[in-house]
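I opened a fresh notebook page for this one. Below is what I looked up, in the order I got to it.

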Amino acid sequence: MQVTVLAGGIGAARFLAGLQRVVPPESITAICNVGDDLEWSGLTVCPDIDSVLYTLGGIEGPEGWGIRDDTRNALESLHLLGGESWFGVGDKDLATHLFRSERLREGSTLAEVTASLAQARGVNVRVLPVTNDPHPTIVETAEGDLAFQEYFVHRRAAVPITGVKFPAALTARPAPGVIEAIRDCEVLCFAPSNPLVSIAPLLALPEVTEAVRRSRARRVAVSPIVGGAAIKGPAAAMMAALGHEVSAFGVARLYEGLIDLFVLDSVDTALVTAVCSLGIDAIATDTMMTGEDGRERVARNVLQAVGVRA
Ligand code: FO1
């Protein structure tokens, strides 16, 4: 059985970490968002891919990004030199960006470098960038357009937003294997990631949405909104700012026509009927990925919900 996961960063990484304890990692493909990527001091940084690789490799930092017990000597020295230091790159993490950037400069694709990084970290899940091409997420704000990390980290997500756009969506091509992984899997999961800036950039590629629509997989989404709040990150505030209902139902509505089943948390049981009225099956279960056991339990619950014995 093949399982494909549409993935953002931290929420997806935790879900995948649980999933790889339930089904063989080799049977899992993660299709990762690259909209958060940035050029940092001349290096290519791919936060969502790295969060997935570090978490699956068991070395993620306490917030779910970066590497555990990392130091910031390089960043501090950079700061002393007057370089930009608002993006918190650790010393061990820096090695990933150096390696990736060098390989990209030599002509490797992002997918190839990602496969090398996965192998080096002992990650057996197939981790694919959704595209090898630049495909940035741009946040439209009252102060003008901001690249995602500029908005999220530099401006601490404190600037009022008016929209989100993906200017390269019509020119970026899906990376090799992406469409096949969506088309040929038995279970297609939308990870509990931010629907507007983690999953939407994947779906912004027309071929990806088309493949999701046509996939014969059981298509299931896990809500990143629980009890009207985001488990992590700016999803709730962004949904409110852009006029979406801040609830699991609001997320399900964004996925109308693309999923067969929506998994929401037990605290949102009252929303099951509303989600079903969208023509989407819905179940309420424990979706809290607390600790390694919690991640595994959520993955197991999701697979059971789609009828897979795990
Ligand atoms: N998030 C922060 O809130 N502050 C940071 O300084 C920061 C640095 C950083 C460095 C490398 C990396 O891979 C991720 C990093 N993140 C940081 C996380 C990242 O901005 C977001 O969590 C994701 O882009 C959202 O999925």
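Which helices each supply at least two residues of the shell around the ligand? I found two: helix H2 (47-56) and helix H6 (148-154). A reminder to myself before going on: this is a predicted model.

**Entry 1: the ligand shell.** I checked where the largest share of the shell comes from, and it is H6, with four residues. There are 13 residues around the ligand, and Asp36, Asp48, Phe87, Gly88 and Gln149 come nearest. Sorting the shell by residue class, I got eight nonpolar, two polar and three charged residues. I also looked at the pockets: the space taken by the ligand is the largest pocket.

**Entry 2: polar contacts to the ligand.** I went through the ligand's oxygen atoms next. The side chain of aspartate 36 has an N or O atom 2.7 Å from one ligand oxygen. For glycine 88, a polar backbone atom is 2.8 Å from an oxygen of the ligand. Glutamine 149 brings a polar side-chain atom to 2.7 Å from a ligand oxygen. I then looked up the cover: of the 530 Å² of accessible area that the ligand has on its own, the protein covers 86%.

**Entry 3: an aspartate in H2.** Back in helix H2, I stopped at aspartate 50. Is aspartate 50 buried or exposed? Its relative accessible area is 4%, and buried means under 20%, so aspartate 50 is buried. I looked for a partner and found one: its side chain makes a polar contact of 2.5 Å with the side chain of arginine 100.

**Entry 4: helix H8.** Here I asked why H8 (residues 195-203) is largely enclosed by the rest of the structure. Eight of its nine residues are buried, so the enclosure follows from that count. I listed the buried ones: Pro195, Leu196, Val197, Ser198, Ile199, Pro201, Leu202 and Leu203. At the N-terminal end of H8, asparagine 194 acts as a cap, with a side-chain oxygen 2.8 Å from the backbone nitrogen of leucine 196.

**Entry 5: positive phi outside glycine.** Two residues went on my list. Serine 41 has phi near 50°, a positive value in a residue other than glycine. I placed serine 41 in the loop between strand E3 (38-40) and strand E4 (43-45), and it is partly exposed at 48% relative accessibility. Alanine 157, also not a glycine, has a positive phi near 50°. Its place is the loop between H6 and strand E8 (161-165), and with a relative accessible area of 29% alanine 157 is partly exposed.

Methods. Residues numbered from 1 in each chain as written. Predicted model: local features only at pLDDT ≥ 70, side-chain atom pairs only at ≥ 80, totals over all residues. Heavy atoms only, no water. Buried < 20%, exposed > 50% of the residue type's maximum accessible area, 1.4 Å probe, protein only. Polar contact = N/O pair within 3.5 Å; in protein donor to acceptor, adjacent residues only side chain to side chain. Near = heavy atom within 4 Å. Areas by Shrake-Rupley, 256 points an atom, 1.4 Å probe, with all protein chains shown as cover. 1 Å grid on protein atoms, 1.4 Å probe; cavity = no way out; pocket = protein on both sides within 12 Å on 5 of 7 lines; lining within 4 Å. Sits in = over half its atoms within 2 Å of the grid points. Nonpolar A, V, L, I, M, F, W, Y, C, P; charged D, E, K, R; others polar.
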